Amino acid sequence: MPLRRSTYLLATLVGLLWLGLVVWISMDVLQSREMAMDAARRQGEALARVLESSLQGSIQKVDLRLQEFVRRHQYAVAAGRPREELEPELNRSLGMCPEALSFRVADTQGRYIYDASGVLASNVNIADRDYFRLLQDQPGAGLVVSGPMQSRVTGDWVLVAARRLQDEGGTFQGVVLASLRVKYFESLFGTLNLGPRDTIALWTRDMRLMARWPHLEARMGQPVANSPTQDFLQRGETSGSFIRTGELDGMDRLFVFRALPEHDFLVTVGYAIDDVLASWRHLALIYACLGLVLTVALAFTVLVWHRRFSAATA
């Protein structure tokens, strides 16, 4: 009987040891997974802050040129001064802003009357654009930045930054505007340290695509339905993260977003879940193999003990 009790006690201890190791390994594997996800979130948050600063810097730089033109030349526009007098100023602004496709002035009817390139697009009218109507109707609107649109002059995807022009009596005299190239921002996104399946995108707050790396021409300007970012924004949260199957390409990603405080835009950084968890899965596989070896070893040990016990009591 003492031998029987000793064997049973030893088998119990071995079983408890095996169970403890399984629990420890499981907890360590789960903790490692969460650490991998947290590391990706922190990296995404840092990258989103950098992009926010860069985008706001570009818009502010362009706006300084627009403000300078308004301050120095809006009465000259109202007076109908010749193109050779005002277009050099627009051209200087264009040279100072690599993100800009053009600097132009449109009159009260939405027709271009001054162009930094020196060539007017005579068959183009922008009177129906939302930014034009807003500046026409609201004298105190200040800087207005549009959502994504295709230039009616070049066909390029652009964002438009515009300011109101008026005469000395405050009467609307048109707008001065800069078209910002979407490709400029996408090229900027492409220079960052991204994996082959990661994405960076710029959106309006109603989730219309403004710019994306890699570029998706067919989805430009199109909305994304049921984005979790809307829930965050409705709660007053201007940054956050979530896991979602990307509507644009169907890939599971960890998304980190950040809203620009001064404009109705937000930037998202998306990391492919398979890539984020690649190292973790390698670690989990090692643990699984070690666990299997340990289980086999303990089972073999118990089997040997059982045979010895059976032989001793025969």
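**Exercise 1. The open sheet**

In what order do the 5 strands of the open sheet lie, and is the pairing parallel or antiparallel?

*Solution.* Keep in mind that this is a predicted model.

Step 1. Read the order across the sheet: 8-7-11-10-9. The pairing is antiparallel.

Step 2. Find the edges. Strand 8 (209-213) and strand 9 (239-245) each pair on one side only.

Step 3. Check the twist. Neighbouring strands of this sheet are turned by 20° against each other on average, with direction ignored.

Step 4. Look at one pair inside the order. Strand 10 (residues 252-259) and strand 11 (residues 265-272) run antiparallel and share 7 bridges. Arg253 has Ala272 in strand 11 as its bridge partner.

Step 5. Add the helix. Helix 4 (residues 182-190) lies across strand 7 (199-204) and strand 8. Its angle to strand 8 is about 35°.

**Exercise 2. Two salt bridges within helices**

Find how far apart in sequence the partners Arg41 and Asp38 are, then do the same for Arg83 and Glu87.

*Solution.* Step 1. Take Arg41 and Asp38. Their side chains form a salt bridge with an N to O distance of 2.8 Å. The two residues are 3 apart in helix 1, so about one helical turn separates them.

Step 2. Judge the exposure of Asp38. Its relative accessible area is 28%, so Asp38 is partly exposed.

Step 3. Move to Arg83 and Glu87. This salt bridge also has its N to O distance given, at 2.8 Å. Both residues lie in helix 2 (residues 83-96), 4 residues apart, or about one turn of the helix.

Step 4. Classify each partner. Buried means under 20% relative accessible area. Glu87 has 9%, so Glu87 is buried. Arg83 has 29% and therefore counts as partly exposed.

**Exercise 3. A salt bridge between separate parts**

Which parts of the chain does the pair Arg212 and Asp249 tie together?

*Solution.* Step 1. Establish the contact. The side chains of Arg212 and Asp249 meet in a salt bridge at 3.4 Å, N to O.

Step 2. Place the partners. Arg212 sits in strand 8, and Asp249 in the loop between strand 9 and strand 10, so the pair links parts 37 residues apart in sequence.

Step 3. Compare accessibility. Arg212 is buried, at 5%. Asp249 is partly exposed, at 38%.

Step 4. Look for a network. Arg65, Glu68, Arg71, Arg72, Glu89 and Arg92 are joined into one by salt bridges that share partners.

Step 5. Give the total. The protein has 20 salt bridges.

**Exercise 4. A nonpolar patch**

Which residues make the nonpolar surface patch of about 490 Å²?

*Solution.* Step 1. List the members: Leu13, Leu16, Leu19, Val23 and Met27.

Step 2. Locate one of them. Leu16 is in helix 1 (residues 2-78).

Step 3. Test its exposure. The cut-off for exposed is over 50% relative accessible area. Leu16 has 54%, so Leu16 is exposed.

**Exercise 5. The whole protein**

What share of the 314 residues is buried, and how many helices and strands are there?

*Solution.* Step 1. Count the elements: 7 helices and 11 strands.

Step 2. Read the burial. Of the 314 residues, 42% are buried.

Step 3. Turn to the surface. The accessible surface is about 16500 Å². Carbon and sulfur atoms account for 56% of that surface.

Step 4. Sort the contacts by sequence separation. Among contacts with a separation of 6 or more, 57% join residues 24 or more positions apart.

Technical notes
Residues numbered from 1 in each chain as written. Predicted model: local features only at pLDDT ≥ 70, side-chain atom pairs only at ≥ 80, totals over all residues. Heavy atoms only, no water. Patch = residues over 30% accessible without salt bridge, like charges linked within 9 Å, V, L, I, M, F, W, Y side chains within 5 Å. Areas by Shrake-Rupley, 256 points an atom, 1.4 Å probe, with all protein chains shown as cover. Salt bridge = Lys/Arg side-chain N within 4 Å of Asp/Glu carboxyl O. Buried < 20%, exposed > 50% of the residue type's maximum accessible area, 1.4 Å probe, protein only. Pairing = 2+ DSSP bridges. Axes fitted to C-alpha atoms, helices over the stretch in contact; angles between N-to-C directions. Contact = heavy atoms within 4.5 Å.
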